[in-house]
Amino acid sequence: GLLGVVVVVTVAAPAAVAAPVVAAATGSVNPVHPAAGPENAKVTLIEISDFQCPFCSRAAATVTELKKLYKDDLKVAFVNLPLSFHPNARPAAIAGLAAHRQGKFWEMHDKLFGNAKALTADNFKKWAGEIGLDVAKFEADMKDPAVGAQVDRDQAMANGLGISGTPGFFINGVRISGAQPVENFKKIIDEQITKANDLIARGTAAVDVHEQLVRANNPSSADNFVKWVIKGEAVPVNAKPAPDPKAAAEKKPAEDDRTVWKASVSDADPIEGPKDALVTIVEFTDFQCPYCSRVRPTLHDAMKQYEGKVRLIFKNQPLPFHKNAGPAAEAALCGGDQGKFWEMEERLFSNQGSLERAQLTDHAKAVGLDVGKFNKCMDGGKMKAKVAADQEIAERVTATGTPAFFINGRKISGAQPIDAFKRLIDEELVKAEAMVKSGVAKKDVYAKIMASAKENIPAPPLAAETASFDYNGSPVYGSKDAKVKIAIYKDFQCPFCARVGAPVKAVVKEDKNVAVFFKHFPLSNQCNPGMGRDMHPAACTAAYWSFAADAQGKFWDFEEIVFNSMRTMMPSEGDIATKLAGLEANLKTYAKQAGMDVAKAEAYVKSKVWQPKLSKDIQEAGAAKVRGTPAIYINGRAYNGAMNPAAIKAVVAKLLAGTI
């Protein structure tokens, strides 16, 4: 999936969206919007969000951190943008504003984001009681049309300011899209504090700072921003963003927009639309990817608008960090084996949070499949080869993220709006119609286009050079005497390291000829002399404790807990001594959760018995030319292939057969 992708949202609003009657604004935002922080802060952050959006939940945690870091200089105001494909988002927005009427918005805000999968009327009522609201008044306010009208106004305002996907932010008018790292916010906030100080020093009243900086930072949207956000004036129902002349002048087509990629199709592919359609859309998707789900209404709209002229070809690209995406892909194809692919596809995308193996059988039953045949298809691995073939094609056309689309071979990445699809479809229709006039049969148009299309031939999955590793003493998953040894260099603060474990372990579970060996390469000069800086300050200490876990036979339990807790392993607040103390406390907690003798582990860490083992791993990494993590070696040869079980198993099979 891709972060920060703009999604077109249809706003269901009444005939007019008038601003609710409120007191005149006396601060940097109109009081109709829930806000926290100093009244006339130097920096005002407008958060535009959806309580059912997982990325909004992440961003909310970032905003909470910012509120603590800049408590004297930052004001945060909340604007609702419940997306149409999140059915519980609008009721949750209404619940938040109903709580706001009793001065408890932020308490309800925390409840809603903390329980995003349980947004029901009964829970809204329960949480209202828990945060100390007058529940009867809360329920009455939930039903008040004026509260719903405020949500409609928020939606219209967000769209009018150019925000159609969530989360979105304005920091003194500077726009940020998506759940970005806290450092990106801090950089802008620090710059805005400097600008605010300069304005105040030159005599600008604190109450006027927000407006002046909005006008300086975002001139194209400033008039509407001031009217709607600061002054609380009525927002037109179909408000549209003001054009930005500078952006329009600088706008360029995507670099790969004209490239025609060889998105090969076969009779085994699920298809919607006529086989001899002049335009073919090849979709690479992942059943656990939220953006893949979001773009489906856009695809349906395109298919309807170009009925008879366009066909949609479905291909799977389950990403390695979505553990249920691969089985879900097979389940959809097993549904297709009984003539119900699209019914199964609809069911799976509508239940992205329920894709465990047993739940797949439930979905099969719900769409009317023969469950016995479905389970035989799944358990026999009938569709694994088809999924692997799709992934191989995806790699050859650079569809490494999802969703990715190829319109007669021309690429569109991400959940783009309908206009992006229509532009390419219209252009390709003209070309295809010209081909037909020149004598090409309609059924042969796509094949002729593909005949000269581009492919990205990947590098060999294994490097020719072989490095030497001592596997003795390294944590092993599988048999230490396995014929195929996979060494993975990891760092306990590396997010990609957390992702590669699952696909490799899946191969080991299926094949006793394979084993995984954990090798240490912390990206920190605290313990890795080759590193120029302390990139991951918690990595070394976590590595020390993992050695203690291995000494007690609990390495893999401890490893899993640490990677699952990676983002909170080291506190983000306080001086370095406070952070290190918090890190040690957390590692002790993880050790206890893993079933370790914590006192014994602490003594092991302090004894530095682990030091020769860590030095050996780092020295071998240097000889193998490891520069970052994760770094994967199969029988000593650097692995450059896709990180999914099918790709790894294919390499293992060739190694065992002696053909690679």
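Two strands are taken to pair if DSSP finds at least two bridges between them. In the predicted model described here, strand 12 and strand 14 (residues 514-520) meet this criterion, as 2 bridges join them in the antiparallel sense. Within this pair, Val476 has Phe517 of strand 14 as its bridge partner.

The chain as a whole contains 26 helices and 16 strands. Its radius of gyration is 28 Å, close to the 26 Å that the globule rule gives for 660 residues, so the chain is as compact as a globular protein of that length. Along the principal axes, the C-alpha atoms fill a box of roughly 80 × 80 × 50 Å. Of the 660 residues, 48% count as buried. The exposed area of the chain amounts to about 29,600 Å², of which carbon and sulfur atoms supply 52%. Contacts between residues at least 6 apart in sequence were also examined, and 75% of them join residues at least 24 apart. The side chains include 83 positive and 74 negative groups, and the centres of these two sets lie 3 Å apart.

Strands of a sheet pair through backbone hydrogen bonds, in either a parallel or an antiparallel arrangement. One open sheet consists of 6 strands in the order 11-16-15-13-14-12, with mixed pairing. Strand 11 (462-466) and strand 12 (476-477) stand at its edges with a single partner strand each, so one side of each is left without a neighbour in the sheet. Further inside this order, strand 13 (residues 484-490) pairs with strand 15 in the antiparallel sense over 4 bridges, and Ile486 stands opposite Ile634 of strand 15. Strand 15 is also joined to strand 16 (residues 637-639), again antiparallel, by 2 bridges. Here the bridge partner of Ile634 is Arg637 in strand 16. Ile634 is thus placed opposite Ile486 on strand 13 and is bridged to Arg637 on strand 16.

Strands 15 and 16 form a hairpin with 2 residues between them, and Asn635 in the turn has a positive phi of about 50 degrees. In a regular strand, the side chains alternate between the two faces of the sheet. Along strand 15 (residues 631-634), Ala631 and Tyr633 point one way whereas Ile632 and Ile634 point the other way, and all are buried. The loop between helix 25 (611-623) and strand 15 holds Pro630. The peptide bond leading from Thr629 to Pro630 is cis, with omega near -5 degrees.

A second open sheet is made of 5 strands in the order 6-8-7-9-10, and its pairing is likewise mixed. The edge positions are taken by strand 6 (271-272) and strand 10 (410-413), each of which pairs on one side only. Strand 7 (residues 279-285) and strand 8 (residues 310-316) run parallel and are joined by 7 bridges, with Val279 standing opposite Val310 in strand 8.

Several residues contact these two parallel strands. Asp390, located in helix 17 (residues 384-396), is buried with a relative accessible area of 1%, well inside the cut-off of under 20%. Beyond residues up to four places away in sequence, Asp390 touches Asp269, Phe284, Lys315 and Asn316. Phe341, found in helix 14 (residues 341-349), is also buried, at a relative accessible area of 7%. Apart from neighbours within four places in sequence, the contacts of Phe341 are Pro270, Phe314, Ala332, Leu333, Gly335 and Gly336. Phe341 and Phe314 are 27 residues apart along the chain, and their C-alpha atoms are separated by 10.0 Å.

Further backbone features occur in loops. The loop between helix 17 and strand 9 (404-407) includes Pro403, and the peptide bond from Thr402 to Pro403 is cis with omega near -5 degrees. Asn408 lies in the loop between strand 9 and strand 10. Its phi is near 50 degrees, a positive value in a residue other than glycine, and at 1% relative accessibility Asn408 counts as buried. A positive phi near 50 degrees is also found at Asn172, in the loop between strand 4 (168-171) and strand 5 (174-177). Asn172 is buried, with a relative accessible area of 0%.

Key. Residues are numbered from 1 along each chain as its sequence is written. This is a predicted model: local features need pLDDT of at least 70, side-chain atom pairs count only at pLDDT 80 or more; totals for chains, interfaces and linings use all residues. Side-chain values use heavy atoms; hydrogens and water are left out. The radius of gyration is taken over C-alpha atoms; the globule rule is 2.2 Å times the number of residues to the power 0.38. Buried means under 20% relative accessible area, exposed over 50%, partly exposed in between (1.4 Å probe, protein chains only). Contact means heavy atoms within 4.5 Å. Accessible areas come from the Shrake-Rupley method with a 1.4 Å probe; for residues, only the protein chains shown count as cover. Lys and Arg count as positive and Asp and Glu as negative; His and the chain ends are not counted. The place of a charge is taken as NZ of Lys, CZ of Arg, CG of Asp or CD of Glu.
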